[in-house]
Amino acid sequence: MDNEELQNYRFNEPQQEVPNATVVLILGIASIVTCCCYGIPGLICGIITLILSGKGMNAYKGNPLMYTQSSYNNLKAGRICGIIGLSLSAIYFIIVLICLIVYGVAALSNPEQFFNSRF
């Protein structure tokens, strides 16, 4: 440890959790779970997860001795889940959008055949 870290760390105070570590983990998991709901809830949860995890990582990197290692691990796991959920949600949203465009063009090009056909 260098002198600056020793000055910032207070030996009498216990370590605390990284800010938003639990919230980031919950939102990261939620972004994976909700990616199949047309992609929109997963996109929202994933974006919020990345924003909050960035703030938490900056706080941890500013003074790592102040925070517990387990909460930092939760923050990293939530960030990874958020990235995975955001990617899956974006892919699913693009697929849904392409399907809507294809079916919309098919319906507009020949509406009688499209709406009178039996499935």
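What pLDDT does the chain average, and what share of the residues score at least 70? The average is 87, and 86% of the residues reach a score of at least 70. Keep in mind as you look around that this is a predicted model. The tour below starts with confidence, moves through three helix pairs, and ends at T68.

**Confidence along the chain**
- Helix 2 has the highest mean pLDDT among the elements of the chain, at 95.
- At the other end of the ranking is helix 1 (residues 3–8), with the lowest mean pLDDT, 55.
- Where pLDDT is low, it is best not to read the predicted coordinates in detail.

**Helix 2 with helix 4**
- The axes of helix 2 (residues 21–33) and helix 4 come within 7 Å of each other and cross at roughly 25°.
- Because angles under 35 degrees count as roughly parallel, helix 2 is roughly parallel to helix 4.
- Helix 2 passes helix 4 in a left-handed crossing.
- On the helix 2 side, the contact is made by A21, V24, L25, G28, I29, S31 and I32.
- Helix 4 contributes residues including S71, N74, L75, G78, R79, G82, G85 and S89.
- By type, the residues of this contact between helix 2 and helix 4 split into ten nonpolar, eight polar and one charged.

**Helix 2 with helix 3**
- Helix 2 also packs against helix 3, at an angle of about 155° and with the axes 8 Å apart.
- Since an angle over 145 degrees counts as roughly antiparallel, helix 2 is roughly antiparallel to helix 3.
- The crossing of helix 2 past helix 3 is left-handed.
- V23, V24, L27, G28, A30 and S31 of helix 2 meet G42, C45, G46, I48, T49, L52 and S53 of helix 3.
- The contact of helix 2 with helix 3 has seven nonpolar and six polar residues, with no charged ones.
- If you are following individual residues, V24, G28 and S31 of helix 2 take part in the contact with helix 4 and also in the contact with helix 3.

**Helix 3 with helix 4**
- Helix 3 and helix 4 have axes that come within 8 Å and cross at roughly 150°.
- That angle makes helix 3 roughly antiparallel to helix 4.
- Helix 3 and helix 4 cross in a left-handed sense.
- Their contact brings together twelve nonpolar, eleven polar and two charged residues.

**A closer look at T68**
- T68 lies in the loop between helix 3 (40–62) and helix 4 (69–109).
- Its side chain makes a polar contact with the side chain of S71, at 2.9 Å.
- S71 is also one of the helix 4 residues in the contact with helix 2.
- Leaving aside residues up to four places away in sequence, T68 touches Q15, Q16, E17, V18 and Y60.

Note on methods:
Residues are numbered from 1 along each chain as its sequence is written. This is a predicted model: local features need pLDDT of at least 70, side-chain atom pairs count only at pLDDT 80 or more; totals for chains, interfaces and linings use all residues. Side-chain values use heavy atoms; hydrogens and water are left out. Helices (H or I, at least four residues) and strands (E, at least two) are DSSP runs, numbered from the N terminus. A polar contact is a pair of N or O atoms within 3.5 Å; within protein, one must be able to donate a hydrogen and the other to accept it, and residues adjacent in sequence count only if both atoms are side-chain atoms. Contact means heavy atoms within 4.5 Å. Axes are lines fitted to C-alpha atoms, for helices over the stretch in contact, and angles run from 0 to 180 degrees between N-to-C directions. Angles under 35 degrees count as roughly parallel, over 145 as roughly antiparallel, 65 to 115 as roughly perpendicular and the rest as oblique. A crossing is left-handed if the near helix is turned anticlockwise from the far one by less than a right angle, and right-handed if clockwise. Ala, Val, Leu, Ile, Met, Phe, Trp, Tyr, Cys and Pro count as nonpolar, Asp, Glu, Lys and Arg as charged, and the others, Gly among them, as polar. pLDDT is the predictor's confidence in each residue, from 0 to 100.
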